[in-house]
Amino acid sequence: MMILRILIALSLSLLTSIGGYKKKAVDKSGAIAGFCVGFCCGMGGLRSLSCLFFFFISSSIMTRLKSKRKEKIEDGYKKGGQRNYIQVFSNALTACLCSLLALYALYLTNNAFIWGEPVIDFKNEILFSMFMFGIIGHYSCCNGDTWASELGTAFGSSNPFLLIGIDKNKKLILCKRVKVGTNGGMSFFGTLGSLLGGVFIGIAFIFPIFGLRLLYYVSYQFLPFSLFQLIVDSLLFGTTSSTLSDFIDFDSSSFLDLFIYNNDFIYPILIGSFGGFFGSLLDSILGGTLQYSAFDEKKKKVIEIYHESHLINDPSIKHITGFSILDNHQVNFISSLLTAFSCSLLGYILYSCF
């Protein structure tokens, strides 16, 4: 069964990386990095792979939205939004670690590497469950931040608010309007985008299980036994002796109880919405304080300066906010890591208290 997991992870990651390169969503280095990321996430199971896939697709679409407007505003904007290996790893490394650790957590409790999609169980599979919610947290943060920046830039009609920042005299800035494109800026469309981006990842997480349960439910209602039920049980529980009917009473439970009023479906979406908003908020705080944003009077654009000290002393460069400590990729990584940890804890609290 472990060989089957490896083969599926390899094939799907290969197809995704080749498809992304042909669609010009990534360059060559991004495609190679995407293959590595896809394999690691594939080893974590269908839910991890689903989050990666839907994040990649949705972020690529959002990046291309109103590209002409963004080209006028954003410095260094790439038409088509091609991502390189640095962007791929900064937006996926935490999820890769969580996926591999979730697989190892299953090994610790089952004394074997199993193939399947076990239910979230904070009593018997606490480490596995926390790492799975870490995956939601990571991708909801990255997706929420991408949707926030892209929707805010594409549809924002006014200058965003800088929640917190640092001026050139090293004094604190609070709730100040700044130019579009400034790191740390927040707008209505951006905040809405962060929430929707997080919810989208929550839905992506439950999508494989929802689909398998739905097909199982239909076959269970109309067929006393089918090969399909056996296949679904294998996908969900792998080599364990459990079956889906051991966890769910299909005879007495209604459709709404199974698929709508169900914590396995509701909590991931709640966690996703939290991760999208919280991650975007973290990104704004870090971006406003630890990234150097300035307005280039020659280009008439907001630029980011990272370790280019000669630009800081250029009289045509007007400082807006932040220190030159982190670049955008580092901010994304730190934000996603902290959000993944926060969502793991929040998932534990939700399942333990409610």
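How much area does the protein chain expose, and what share of it do carbon and sulfur atoms supply? The chain exposes about 17100 Å². Carbon and sulfur atoms supply 67% of that area. Keep in mind throughout that this is a predicted model.

**Stop 1: the whole chain.** Show it as a cartoon. The protein chain has 14 helices and 6 strands. It runs to 354 residues, and buried residues make up 49% of them. Now turn on contacts between residues at least 6 apart in sequence: 73% of these join residues at least 24 apart.

**Stop 2: the main core.** Select Val 37, Cys 41, Ile 120, Met 132, Phe 133, Tyr 139 and Phe 205. These residues have the most contacts inside the largest nonpolar core, which has 35 residues. Next, colour the elements that give two or more residues to this core: α2 (28-43), α3 (46-64), α6 (93-110), α7 (126-155), α8 (188-222), α12 (263-290) and α14 (328-353). The largest share comes from α7, with 7 residues. In soluble globular proteins, nonpolar side chains tend to be buried together.

**Stop 3: Ile 120.** Centre on this residue and show its neighbours. Leaving out residues up to four places away in sequence, Ile 120 touches Arg 47, Ser 129, Met 132, Phe 133, Phe 205, Asp 264 and Tyr 351.

**Stop 4: the other core.** Select Leu 162, Val 178, Phe 295 and Ile 320. They are among the 6 residues of another core, which lies apart from the largest one.

**Stop 5: the sheet.** Leu 162 leads on to the strands. It stands opposite Gly 185 in β3. Strand β1 (residues 161-166) pairs with β3 in the antiparallel sense, over 2 bridges. Widen the selection to the open sheet of 3 strands, whose order is β2-β1-β3 with antiparallel pairing. Which strands lie at the edges? They are β2 (172-177) and β3 (185-186), each pairing on one side only.

**Stop 6: helix α14.** Select the helix and check its length. At 1.5 Å a residue, its 26 residues should span 38 Å; the end C-alpha atoms are 37 Å apart, which agrees. Then look at the N-terminal end, which Asp 327 caps. A side-chain oxygen of Asp 327 lies 3.3 Å from the backbone nitrogen of His 329. Finally, show the buried residues of α14. They include the polar residues Asn 332, Ser 335, Ser 336 and Thr 339, along with Val 331, Ala 340, Cys 343, Gly 347 and Leu 350. Tyr 351 is buried too, and it is one of the residues that Ile 120 touches.

How values were computed
Residues numbered from 1 in each chain as written. Predicted model: local features only at pLDDT ≥ 70, side-chain atom pairs only at ≥ 80, totals over all residues. Heavy atoms only, no water. Core = buried A, V, L, I, M, F, W, Y, C linked by side-chain atoms within 4.5 Å. Buried < 20%, exposed > 50% of the residue type's maximum accessible area, 1.4 Å probe, protein only. Helix = DSSP H or I, 4+ residues; strand = E, 2+ residues; numbered from the N terminus. Contact = heavy atoms within 4.5 Å. Expected span 1.5 Å × (residues − 1). Polar contact = N/O pair within 3.5 Å; in protein donor to acceptor, adjacent residues only side chain to side chain. Areas by Shrake-Rupley, 256 points an atom, 1.4 Å probe, with all protein chains shown as cover. Pairing = 2+ DSSP bridges.
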